[in-house]
Amino acid sequence: MTAYGVLRSEWVKFRSVRAMLGCLAGAVVAAGSYGYLFGTAAAREYLGASAADRAAFDPTETAFRALVLVGVLVSAVGVLAVTSEYAAGTMPVSITAVPRRGLLLLGKGAVVALTTLLVGPPLALLSFTLSQAALAAQGVPSVGPGDPGVPAALLGAGLFTGLIGLYGMALGFLLRRSAGAISLGTFLLILPGMASLFPKPVARWIVTWWPSAAGARIFAVHPGTELLTPLAGAGVLAATVLVLLCAAVAVFRGRDA
Amino acid sequence: MIELRQLTRRYGEVTVVDGLSFDVRPGVVTGFLGPNGAGKTSTMRMILGLDRPTSGSATIGGRRYADLPVPLREVGALLDAHAVHPRRTAFDHLLSLAYGNGIGRRRVEEVLGLVGLADVAGRRPGGFSLGMKQRLGIAVALLGDPPVVLLDEPVNGLDPEGIRWIRTLTRSLAAEGRTVLLSSHLMSEMALTADHLVVIGRGRLIADTGLEAFVQAAARQGVLVRTPDARRLAPLLRESGATVRPGVDGGLMVTGLSGAEVGGLAGAHGIVLHELTPRRASLEDAYLELTGDSVEFATSAAGVVS
């Protein structure tokens, strides 16, 4: 029962569940299509804007917007890595094979984190490329992947998706049901998109501090001073995920399998 | 060797396992018997570290399951044959469990052959029959070639051929010197498979005895008595030290007195007898007598005796 053995075991489980591979395929579609749609929408807005607004236009802002939607699918991958076992009834079998539950959770976490971390940058690049192509097609200013700040944002996307994958996994351990964990996970992720529905101070707080909004600061190429810096944003998301993982460990170790 | 010491599990007010203490020894098949809901599965889950005992302990060779360094090499278990991911191939199912315990692909192929699933190794168990799933579950239990094997209701729902296969397999595992604990609620199956019996009811130990001793105790003579005056006769029989249970068709099944003694007693009190037949109680009878008080959803017995 070595960490390496548990890691291999979890990888065999991961690659044989089709729903998770489906979510990853969905993430590719979402990154591409929404990247293009957000780019097109931004171009339309630019063409109708005043000269002052045009001067302030930042083409990188639209480049990674699709990643929040990608996050919904990535978190579902994390959820399913756990809930597929509960649904099939294989969790007791898994625990008899690896009765050190912390180690089992760690192995699952490593597989989820590595997979979702690795898919982040290519998905970000896809969204970035299509959004900038959409801008360029309408003659709107756009940037290339080598421009200052962009490579860091692209790599940062891996950190974002990796953390979101673990976030989903923690929810999976806490709730044990696919439907519940995926709906709650999705709701919490896209909550900042509904911030304008809340009173101003609350909205302001959500946009700044809500973990998924803070985490999305990782892709800010020109962060400005109004919101968190990319590093601080990543810190907020990472801290939230850590708390959820600790809760998952405590619950998973404490309850009957 | 599995050791249970005052093992207890409560869920709120309900005590599912109540101070169980017994040993399961190597080299024999130990049948773990009890009516549905007696606490057999809970006990096995506690042995495997899946459920936490409220108090007491269950150990394997002196160690708790969770403390075993390579558990599948020490203990193999089948709890629920349906516990397979429908889309993960039989081979991958086994491989995922093997890797965590440092067991390689060759052993996975080997156990698949051992349980007769080599031809369907690459197929998804979603379409497996219960018998095939049961074999896959047994393959999991045998993966680490463990000296201790626990099987929970392994013959439930199997066809006669599958039942015979399990019987032969468990006998041979015990013959190899392994510790085998086999749970069932069917006495008839145990009579053919087990060497030793642990009987529980409502979470409590009822019997911990060799099959031979159980058979001898069960095989004592009984007498079937038929009388229109059962209400008078039954208490008289009890006063004379007999055990009286309702028999078939309103008769009385009497144990502890010979036919002559029953007839004499009836005659002395002027009770008319319609029938007086010596009967050998079956194993099933003995088992039902033992667990009669502990059946979870008992149907009320015919009112004759009460």
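Two residues are in contact when their heavy atoms lie within 4.5 Å. The exercises below apply to a predicted model.

**Exercise 1. Determine how many residues chain A and chain B each bring to their contact, and how much area is buried between them.**

Solution.
1. Under the contact criterion of 4.5 Å between heavy atoms, chain A contributes 30 residues and chain B contributes 31 residues.
2. The area buried between the two chains is about 2,400 Å².
3. Carbon and sulfur atoms account for 55% of that area.

**Exercise 2. Characterise the polar and charged pairing between chain A and chain B, and identify which helices of chain A supply the touching side.**

Solution.
1. Between chain A and chain B, 2 salt bridges are counted.
2. One of them joins the side chains of R15(A) and D92(B), with an N to O distance of 3.0 Å; this satisfies the 4 Å limit for a salt bridge.
3. Residue pairs in polar contact across the two chains number 14, with both residues at pLDDT 80 or more.
4. On the side of chain A that touches chain B, at least two residues come from each of α1 (3-15), α5 (66-88), α6 (91-97) and α12 (230-254).
5. The largest share, 7 residues, is supplied by α1(A).
6. By residue class, this side of chain A comprises 11 nonpolar, 10 polar and 9 charged residues.

**Exercise 3. State how many salt bridges the structure holds over all chains, and locate the partners of the one formed by E85(A).**

Solution.
1. Over all chains, the total is 21 salt bridges.
2. The partner of E85(A) is K108(A), and their closest N and O atoms are 2.7 Å apart.
3. E85(A) belongs to helix α5 of chain A, whereas K108(A) belongs to helix α7 (residues 101-137).
4. The pair therefore links distant parts of the chain, at a separation of 23 residues.

**Exercise 4. Describe the helix content and end-to-end distance of residues 187-207 and 227-252 of chain A.**

Solution.
1. An unreviewed UniProt entry assigns the feature "transmembrane region" to several spans of chain A, including 187-207 and 227-252.
2. For residues 187-207 of chain A, the end C-alpha atoms lie 15 Å apart, with 57% helix and 0% strand.
3. For residues 227-252 of chain A, the end C-alpha atoms lie 36 Å apart, with 88% helix and 0% strand.

**Exercise 5. Give the domain division of chain B, and place Q6(B) and R202(B), each with a positive phi, in its secondary structure.**

Solution.
1. Chain B divides into domain 1 (2-210) and domain 2 (220-280).
2. The C-alpha centres of these two domains of chain B are 43 Å apart.
3. Most residues other than glycine have a negative phi.
4. Q6(B), which is not a glycine, has a positive phi near 50 degrees, and this residue lies in strand β1 (residues 2-11) of chain B.
5. R202(B), also not a glycine, has a positive phi of about 50 degrees; R202(B) sits in the loop between β8 (196-201) and β9 (204-210) of chain B.

Technical notes: Residues are numbered from 1 along each chain as its sequence is written. Chains are lettered from A and ligands numbered from 1 in the order in which they are written. This is a predicted model: local features need pLDDT of at least 70, side-chain atom pairs count only at pLDDT 80 or more; totals for chains, interfaces and linings use all residues. Side-chain values use heavy atoms; hydrogens and water are left out. UniProt positions are given in the numbering used here, feature names are shortened, and annotations may be inferred rather than shown by experiment. Helices (H or I, at least four residues) and strands (E, at least two) are DSSP runs, numbered from the N terminus. Buried area is the accessible area (1.4 Å probe) that two parts lose on being put together, summed over both. A polar contact is a pair of N or O atoms within 3.5 Å; within protein, one must be able to donate a hydrogen and the other to accept it, and residues adjacent in sequence count only if both atoms are side-chain atoms. Ala, Val, Leu, Ile, Met, Phe, Trp, Tyr, Cys and Pro count as nonpolar, Asp, Glu, Lys and Arg as charged, and the others, Gly among them, as polar. Domain bounds come from an automatic or database domain assignment.
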